Protein chains: 2
Amino acid sequence: MATRKNYQRPLDLRTGRVDMNHGAGGRAAHQLITELFVAAFDNPLLRQGHDGTTLPDASGLGPGRWVLATDAHVISPLFFPGGDIGSLSVHGTVNDVAMSGATPMYLTASFILEEGYPLADLQRIAQSMGQAAREAGVAIVAGDTKVVERGKGDGVFISTTGLGWLPQGIAADGTRARPGDVILVSGSLGEHGVAILSQRESLEFETQIVSDSAALNGLVATLLAALPDKDSLRVLRDPTRGGLATTLNEIAVQSGVGMHLRETDIPVLPQVDAACELLGLDPLYVANEGKMIVIVAPQAQEAALAALRAHPLGAGAVRIGEVVADDSHFVRMTTELGGQRMVDWLSGEQLPRIC
Amino acid sequence: MATRKNYQRPLDLRTGRVDMNHGAGGRAAHQLITELFVAAFDNPLLRQGHDGTTLPDASGLGPGRWVLATDAHVISPLFFPGGDIGSLSVHGTVNDVAMSGATPMYLTASFILEEGYPLADLQRIAQSMGQAAREAGVAIVAGDTKVVERGKGDGVFISTTGLGWLPQGIAADGTRARPGDVILVSGSLGEHGVAILSQRESLEFETQIVSDSAALNGLVATLLAALPDKDSLRVLRDPTRGGLATTLNEIAVQSGVGMHLRETDIPVLPQVDAACELLGLDPLYVANEGKMIVIVAPQAQEAALAALRAHPLGAGAVRIGEVVADDSHFVRMTTELGGQRMVDWLSGEQLPRIC
């Protein structure tokens with residue numbers, strides 16, 4: 001009965017820590033879920049309190065299809081300038097859904113917690129997650145929590161899955177790029193990866209580098225609204241792990257095309273450039289969490305750039321190159337000095353646990 | 001270029017191990033995904049190869065709603081009699097969706113791998129997962145893979161999310177139990193938890209105890225087909241973590257009722273009973289992964305039991321008690337000796353990492 005009494009007091013969110021009981025499916029687990037997670041994510045769907053959450057009637061959405069995406073998040077450190085694993089786990093999955101052209105609507109979240117992790121920090125993460133979800137207009141509708149012994153995890157891992165609605169007539173997958181299309185990016189590159197690495201290495205820069213972590217669904221909606229001919233939107237993709245270079249190579253292969261970039265047109269903040277030099281990184285391979293690549297038909301370039309630039313998350317949108325015919329599916333770049341360089345896939349490990 | 005060449009050879013599935021590169025989003029990650037995961041889960045939707053997977057047109061499903069469920073799986077050991085973390089991660093989430101009365105259709109899977117984990121074992125897990133999904137009639141349509149450093153994980157963690165379709169007129173959530181309803185279980189209890197714990201403790205029993213891990217969606221469909229009045233089905237729930245006792249307490253609170261059980265009617269295999277005695281466990285609190293609680297209106301009892309017993313996974317279905325009016329929402333049990341006992345929630349940790 002002593003054990004039972006413990007869990008009738010409110011959760012100690014000041015000095016308490018995750019213990020194995022929080023993952024065992026009894027009173028302690030129930031308490032963690034209701035007092036910490038449900039409180040932070042609060043919405044009527046989650047309050048159903050079942051293992052399976054029944055979603056609202058979707059019959060009014062008109063013709064279209066659902067899009068599903070999932071991500072495991074293992075970022076280290078858990079808190080970083082510009083976000084934490086909670087906001088990142090929302091942004092990452094919202095963006096994966098949004099990059100198909102779909103409107104993200106629902107998220108699920110599953111947590112793998114390490115025994116001993118401070119409940120206060122877990123609450124900060126959950127609250128940040130709830131806030132990110134509200135800002136992105138998505139509801140966290142189902143969840144699960146497991147606990148592993150000390151030394152068998154690393155604080156907090158979060159897997160999120162997103163469900164979104166893709167109206168008929170919209171497509172933005174990686175197979176649609178055609179020679180002559182133009183390649184845009186929504187802003188400067190490399191901030192997320194460099195912000196994380198600066199934290200890990202305790203590097204100090206004059207200007208702190210802040211992760212660009214953000215939900216891009218609003219930016220996608222703005223772009224779509226500005227393009228009367230939906231077919232002129234060819235590809236949307238967020239250059240996360242592997243960065244711009246790897247993402248463009250994937251698109252090149254999927255579409256069976258080549259690409260040509262101009263190095264001087266690729267936006268990188270001076271402090272990111274400096275940090276990359278110090279860390280021995282190429283910003284083209286560094287992860288972003290709030291930027292997107294937009295490939296459009298040439299006649300849609302002006303409308304697309306104007307729409308992107310009118311949104312706070314796309315203020316720095318620019319054209320960086322073109323899609324070209326190339327049976328080798330190579331991505332090439334004209335360098336600052338006027339030479340030509342191959343932009344290959346990311347080969348080995350560059351930045352582990354960046355998301 | 002040396003690094004690049006490594007990843008142009010096929011994955012070494014005999015002696016290779018997970019390395020940090022497999023989570024970095026470059027060639028190595030791409031290779032792991034295509035040669036190991038996509039090969040094991042093979043279906044046209046997954047082969048879309050985008051971060052967001054567009055599902056088939058669902059407009060022909062008729063009136064109804066979608067159900068989402070998610071689970072993190074951290075079971076230890078990863079392989080056990082009757083299954084492994086791969087099959088379990090399919091069964092667990094398929095069952096969470098099925099317990100709402102919905103038909104599970106799609107799964108997503110995200111993997112958190114520990115550096116150094118043998119690729120051959122990972123392949124066994126992925127193949128087992130693919131087989132479990134095919135047997136359950138669901139498609140694994142999207143995935144993600146992350147790698148953490150040695151000592152920051154524990155081999156393999158898998159989070160799965162399930163999406164299913166709930167036709168109009170079917171409901172089975174935990175709020176629907178009413179006094180007078182009868183409580184059935186689909187078979188004997190405690191096998192999953194005891195099978196796992198026997199492995200951990202290296203206990204040897206004369207008869208090996210095998211996990212009951214199984215997908216219950218087929219059993220649910222059989223049951224639903226046998227009940228002409230869908231409202232006579234009140235609650236479906238799989239007694240996983242916390243076992244029968246915790247699950248019935250949850251339903252009692254959600255429905256605002258009490259329950260009365262008869263200990264002599266609760267089916268437990270003799271070897272499970274013996275193992276529980278040895279391990280100091282109460283089988284009512286031990287996790288199941290292939291059993292379900294079915295609460296039906298009294299007039300539906302015979303049809304429900306007959307339908308369950310006609311299916312291989314429900315052959316041992318029996319009535320174990322009744323729903324009663326009780327403002328305290330207590331679950332009580334008449335013991336073998338004729339006394340009365342409170343069946344409380346699971347209070348503390350009983351079996352960590354059981355799923």
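These are my notebook entries on a few backbone details in a predicted model with chains A and B.

**Entry: the proline at position 77**

I began with the peptide bond from Ser76(A) to Pro77(A) and found it to be cis, with omega near 5°. I then looked up where Pro77(A) sits: it belongs to the loop between strand E2 (64-73) and strand E3 (79-80) of chain A.

Next I turned to chain B. There, Ser76(B) and Pro77(B) are joined by a cis peptide bond, with omega about 0°. I placed Pro77(B) in the loop of chain B that runs between strand E2 (64-73) and strand E3 (79-80).

**Entry: the histidine at position 329**

My next stop was phi. His329(A) is not a glycine, yet its phi is positive, about 55°. I traced His329(A) to the loop between strand E12 (318-324) and strand E13 (331-334) of chain A.

Is His329(A) buried or exposed? I noted a relative accessible area of 24%, so His329(A) counts as partly exposed, given that buried means under 20% and exposed over 50%.

I went through the same steps for chain B. His329(B), also not a glycine, has a positive phi of about 55°. On chain B, I found His329(B) in the loop that links strand E12 (318-324) and strand E13 (331-334). For His329(B) I wrote down a relative accessible area of 23%, which means that His329(B) is partly exposed.

**Entry: recap**

For my own reference, I list the two kinds of feature again. The cis bonds lead into Pro77(A) and Pro77(B). The positive phi values belong to His329(A) and His329(B).

Definitions and conventions:
Residues are numbered from 1 along each chain as its sequence is written. Chains are lettered from A and ligands numbered from 1 in the order in which they are written. This is a predicted model: local features need pLDDT of at least 70, side-chain atom pairs count only at pLDDT 80 or more; totals for chains, interfaces and linings use all residues. Side-chain values use heavy atoms; hydrogens and water are left out. Helices (H or I, at least four residues) and strands (E, at least two) are DSSP runs, numbered from the N terminus. Buried means under 20% relative accessible area, exposed over 50%, partly exposed in between (1.4 Å probe, protein chains only).
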